[in-house]
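Q: I have a new structure open and have not looked at it before. Can we go through a few spots in it?

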Amino acid sequence: WTPVRVTLDGGEQGLRGQLVIVVADADGVPVRFVPAADNLNLAPGQQQTVTCYARFGRVRERLGVQVGDGQTVSWETWVEADEIPAALPATRELFLTIGPEVGLAEMVANNLRHSPQGATSSRLDDPQRLPTDWCGYEGVDVIVLTTSQTELLDRISDQQLAALEQAIRMGGRMLWCVGRRGGEVFRGDSRWNRFAPGEFAGVRGIRDTTSLESFAGAMEPLDAVPGFSRITGLAASTFKPVAGRIELSETAAGGERVPLLIRYPYSFGQLTLLTLDLDEAPFDAWASRPRFAAMMLQTIFDNRAERSGDSSLGQVSHVGYDDLVGQLRGALDQFPGVTLVAFSWVAVLIGMYILLIGPGDYFLLRKLLGRMHWSWITFPLVVILFAGLAWYLAGRVRSPTLLLNQVDILDFDAASQFGRSTTWTHIYSPQAGRYDLRLPDWHPQSQQRGTASLLAWQGLPGKGLGGMAAAQPVLGQRAGYSVAAPGGGAEPSEGRVDGLPVLVSATRSLVARRRFDWTAEAESDLELRYDNNLLRGSFRNPLPVTLTGSAVMYGDWVYSLEGDLPPGATVRLQDLPPPRVLEWRLTRRRVVEQEAISLRWDASQIDDPARLVEVMMFHRAAGGQRYTQLSHRYQGYLDLSDHLQAGRAILVGRSREPAAALVRDGQALDEHYRQRWTWCRVVYPVRVGTAQPAAMKPEPAATR
């Protein structure tokens, strides 16, 4: 979802109603993104800037702006593709800095941040332009916020702050710098206390910079940079106690270690707090600041597994997509009773048809029969024959009924009682038609409240045929359809698509994201024991469904549960079998002739959705792109590998009961579903024991 800012003038009569954005989807079909409420109220001669949200499906496509009442369009204009700023592909990392520069622009210019797809840095110094809906941050990988100018923080409205918080809860990442102004940022009634890793304990002076220089690999000492005070040192905010993982610390006066870089989960997202002001002296004059920023981003993404270890066997073949969601699309496009006709067969039939009506007809009538005028009879017979053959084959390879496949991943955070879900639905239509679709709430007994859902098209990533980055033009024009989008200060309570066109014997792919508050209690008493590096304690299944094939993941370990896990059941980890190494489970690693070998990931394999979804949920823990040879960028927020290293345990299991079903024209489509997979994850907090710590990295023993 991309925010689109439109400035209009009321003219002589004014403008009221809904401002609608029109852009093409991945198939080149125009889509009207209709706000959930009226977002336009202009008096004559008045100007207003409105932020709308849309999903761009083509790299070069024009944009339409319409004003109406939801039924009719009273005014519209079109902006051609050449007038729109160049698009950034979704696979390219985007870092958004709110406030002064902290070195990201230099880092990107110097190519210090390692990223196979490249990176872009953007800075925003006007808080008025921040999104007012969480989906406006969906294209941003890391939000960087500086607090040295507290007046900038005060200009962020409550609605914008709520959107920022929801974006992080839904899986976003934010790096924020809080140094000498910590007392103002975290005052008693501050709006920013919700993001703090603990109770603010004051500002301390840091005169030793050895750890900072070592972390950045700096050649220039920080205390030799102009602006460094040898009397007061660096001003660092401190917290007691500190929740999360301390990635960097330094010694303060008196020998106390002060955390400088803290990484901690926030629902399904991640916050990283630098307790220094990276935009002020002496950092703003430090030559190694871009390297320091690059190392912080490496820490945020925690992609150590992608940079180390052995590689998988072989390489994936070219399959037309470059992201895991493309492989998932291929799996969901397999419908029972529908056979994909190979292009070679179509080519053979076309060749036979051409030979019969051309050379075949000529030699038969002229050389054998000598009656060329019979072509008035043989030609129509051949046409009728092949038309009948095509009709017969089409009936044999396609289903006469509407079919649906669906995958759901539902996540629940026990600490914040926050929930989210992602749904992919593929529709096969035997006939050409239009569909008005809704996606209502999940299980009726799930104790949800405050739900909001967005339903839209899902494109094919990559440059292959039909891909969103493909260069082939769109053949023909098709009538558009409407998608419910945020706007007017409201969000759709349920996802909605109206007038979705589906061609005969064709499929359409939809994706939905939903957020909600989870009111059920998720009791847990999990603790990491330092004496044996194992997880101990108990937890309860808070979901209203039975989970099968369940496992608890924490750190580098996975604890498998035997049998089903009913609703409300309590599990003691001490009663479970010994844990296994998580990476071994995800990569199906085994010992062959005394050597550990991972099962090669086959990007063309589309008959095992269970393993595919498991790797999507913990992609970095499996080795990331180093293992799959595919990126995980389009729905990368699903990867909760970072939480496993940041004091969270995750219960994963399959539900036999399906999640929400699509509704067409008020009627549920349950009987049309052929394949449905539902995964549930519950994130539990873990206490850290007080015994003497031991080595945390598990031994990859074959017996595990």
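A: What follows covers a buried aspartate, a helix and some cysteines in this predicted model.

Q: Start with D411. Where does D411 lie?
A: D411 is part of strand β17, which covers residues 403-413.

Q: Is D411 buried or exposed?
A: D411 is buried, because its relative accessibility is 1%, and the cut-off for buried is under 20%.

Q: Which side chains make a polar contact with the side chain of D411?
A: R420 does, at 2.9 Å. The side chain of R681 also does, at 2.7 Å.

Q: And what does D411 touch, leaving out residues up to four places away in sequence?
A: D411 touches F268, F418, G419, R420 and R681. Two of these, R420 and R681, are the polar contact partners just named.

Q: Switching to helix α12. How many of its residues are buried?
A: Helix α12 spans residues 609-617, and 8 of those 9 residues are buried.

Q: Which ones?
A: The buried residues of α12 are P609, R611, L612, V613, E614, V615, M616 and M617. Charged residues R611 and E614 are in that list.

Q: Now cysteines. How many disulfides are there in the whole structure?
A: The search finds 0 disulfides.

Q: What is the nearest cysteine sulfur to C135, then?
A: That of C52, 11 Å away. A disulfide needs the two sulfur atoms within 2.5 Å, and C135 is in none.

Q: Why does C135 count as buried?
A: Because its relative accessibility is 1%, and buried means under 20%.

Q: What about C177, buried or exposed?
A: C177 is buried, with a relative accessible area of 0%.

Terms used
Residues are numbered from 1 along each chain as its sequence is written. This is a predicted model: local features need pLDDT of at least 70, side-chain atom pairs count only at pLDDT 80 or more; totals for chains, interfaces and linings use all residues. Side-chain values use heavy atoms; hydrogens and water are left out. Buried means under 20% relative accessible area, exposed over 50%, partly exposed in between (1.4 Å probe, protein chains only). Helices (H or I, at least four residues) and strands (E, at least two) are DSSP runs, numbered from the N terminus. A polar contact is a pair of N or O atoms within 3.5 Å; within protein, one must be able to donate a hydrogen and the other to accept it, and residues adjacent in sequence count only if both atoms are side-chain atoms. Contact means heavy atoms within 4.5 Å.
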